[in-house]
Amino acid sequence: MRHVDVVELARALLDAESVTPACGAVFDVLEAALVPLGFAVDRFVVGDAPDGPVENMLATRGTGAPHLAFAGHVDVVPAGDGWTSPAFTSEVRDGLLYGRGAVDMKGAIAAFVAALSAQPHGGQVTLIITGDEEGPATFGTVSLIERMRARGIAPDLCVVGEPTSVSRLGDTIKIGRRGSVNIWIEVPGRQGHVAYPHLADNPIPKLIAALAELDALVLDHGNAWFQPSNLEVTDITVGNAATNVIPAAAKARISIRFNDLHRGEELVRRVEQIVHEHAPDASITARVSGEAFLTQPGALSAMLSAAILDETGLTPELSTTGGTSDARFLRALCPVVEFGLLNATMHQRDEAVALGDLHTLTRVYANLLRRVPLSQ
Ligand SMILES: [Zn+2]
């Protein structure tokens, strides 16, 4: 079996530009690395513009239990301005590898493939790779899960390679994520002259009263694994340029990050109720982008923690902080934990990973591959 060099593969992945939604070249690079390692590779394209087309990949090696899955995305956010060297031409400077996606998360994918090239394993291993995580995720991991169900691919454990480390590689594993819901509120009024308020109906005081009540809500006090849920008012728009006009409508947007004591729909209904007390005609639209979930600490987090301690000397914190990730879909398959590189430069200009961290992460994943069969 050819030994995959983690830095070489990371650079090849970074050089294949893959702003979300991603197809083509970046998957060619990954397939070319996996086939010589004995993986059966299944690539498929789904969806149309604007959210697609999206390419996805399932790559499987070995048979039997335990079946370990590794999940990741090869799409990246746009480069943005101000890079020291071109964002889609990888460059090593002072021990750091620069390129869009270095930590989020082509570096972790390269580390997992390098670990697989060096470390034999018992049971089946499947890579679940999408080109649509950074976008709306319409055709990404959701399509992969459907395809896995159709093909009878059923992992027992799943590691997501998102950049979870905060200050040092190995300091944090994510065992769950908060849920997220965005809610748009529009309060209608009746436009009129400020001097004749009895002929008009001003929507602004009603909206402000509703928002004040929403802002004062205590949703919960958190629990053993989650911080308290939080509601933020993220926008208020009236757009009234005239000094003597009572406006016809006022709009606001709120965003709630919630823990596993709530469901998205329940929070939307609660917001609706409060808004309608102040403005019965208000219209409300909502989008739940993910429910909160928790993988109770167990065999998987224990094995991963032990692998991290071996290779880094750190005992990782088990955390549920941060934004959403594709783990919110994958949890439907099996226990899911997330562990990867330092997240300090993700989505920023000059995104970079320390070469040493790429090698250490490869050793952590290889260590985990050694442990998985033993614990079953
Ligand atoms: Zn990511």
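At roughly what angle do the axes of α1 and helix α2 cross, and within what distance do they come? The legends below take that up, along with other close-ups from this predicted model.

**View 1. Helix α1 against helix α2.** Here are α1 and α2 (residues 25-34), whose axes cross at roughly 155 degrees and come within 8 Å. Angles over 145 degrees count as roughly antiparallel, so that is the label for α1 relative to α2. On the α1 side, Leu9, Ala12 and Leu13 make the contact, and on the α2 side it is Val26, Val29, Leu30 and Ala33. As for handedness, α1 passes α2 in a right-handed crossing.

**View 2. Helix α1 against helix α3.** Now look at α1 (residues 6-15) with α3: the two pack at about 135 degrees, and their axes are 8 Å apart. That angle makes α1 oblique to α3. Here, too, the crossing is right-handed. From α1, the residues in the contact are Val6, Leu9, Ala10, Leu13 and Leu14. They meet Ala102, Lys106, Ile109, Ala110, Ala111, Val113 and Ala114 of α3. Leu9 and Leu13 turn up in this contact and in the one with α2 as well.

**View 3. The zinc ion and its protein donors.** Which residues hold the ion? His73 gives its NE2, Asp104 an OD atom, and Glu162 is listed twice through OE, with distances of 1.8 to 2.6 Å to the zinc ion. The angles among the 4 donor atoms run from 52 to 141 degrees, and the site comes out as irregular. A tetrahedral call would need all angles between 85 and 135 degrees, so this range does not qualify. Along the chain, the donor residues follow the spacing H-x30-D-x57-E. Histidine 73 sits in strand β3 (residues 68-73) and aspartate 104 in helix α3 (residues 102-118), so the pair ties together parts 31 residues apart in sequence.

**View 4. Burial of two zinc donors.** Zoom in on the side chains and ask: are histidine 73 and aspartate 104 buried or exposed? Histidine 73 is buried, at a relative accessible area of 1%. Aspartate 104 also counts as buried, with 5% relative accessibility.

**View 5. Helix α4 and its cover.** In α4 (residues 141-151), the buried residues include Thr141, Ser143, Leu144, Ile145 and Met148. Among the elements covering the buried residues of α4 are β1 (40-46), β2 (54-61), β6 (125-130) and α8 (327-330). Just past the helix, take a peek at glycine 152: it follows α4 and has a positive phi, near 70 degrees.

Methods
Residues numbered from 1 in each chain as written. Predicted model: local features only at pLDDT ≥ 70, side-chain atom pairs only at ≥ 80, totals over all residues. Heavy atoms only, no water. Donors = N, O, S within 2.8 Å, 3.2 Å for Na, K, Ca; no water. Tetrahedral: all angles 85-135°; square planar, octahedral: opposite > 155°, others 65-115°. Helix = DSSP H or I, 4+ residues; strand = E, 2+ residues; numbered from the N terminus. Buried < 20%, exposed > 50% of the residue type's maximum accessible area, 1.4 Å probe, protein only. Axes fitted to C-alpha atoms, helices over the stretch in contact; angles between N-to-C directions. Parallel < 35°, antiparallel > 145°, perpendicular 65-115°, else oblique. Left-handed = near helix turned anticlockwise from the far one by under 90°. Contact = heavy atoms within 4.5 Å.
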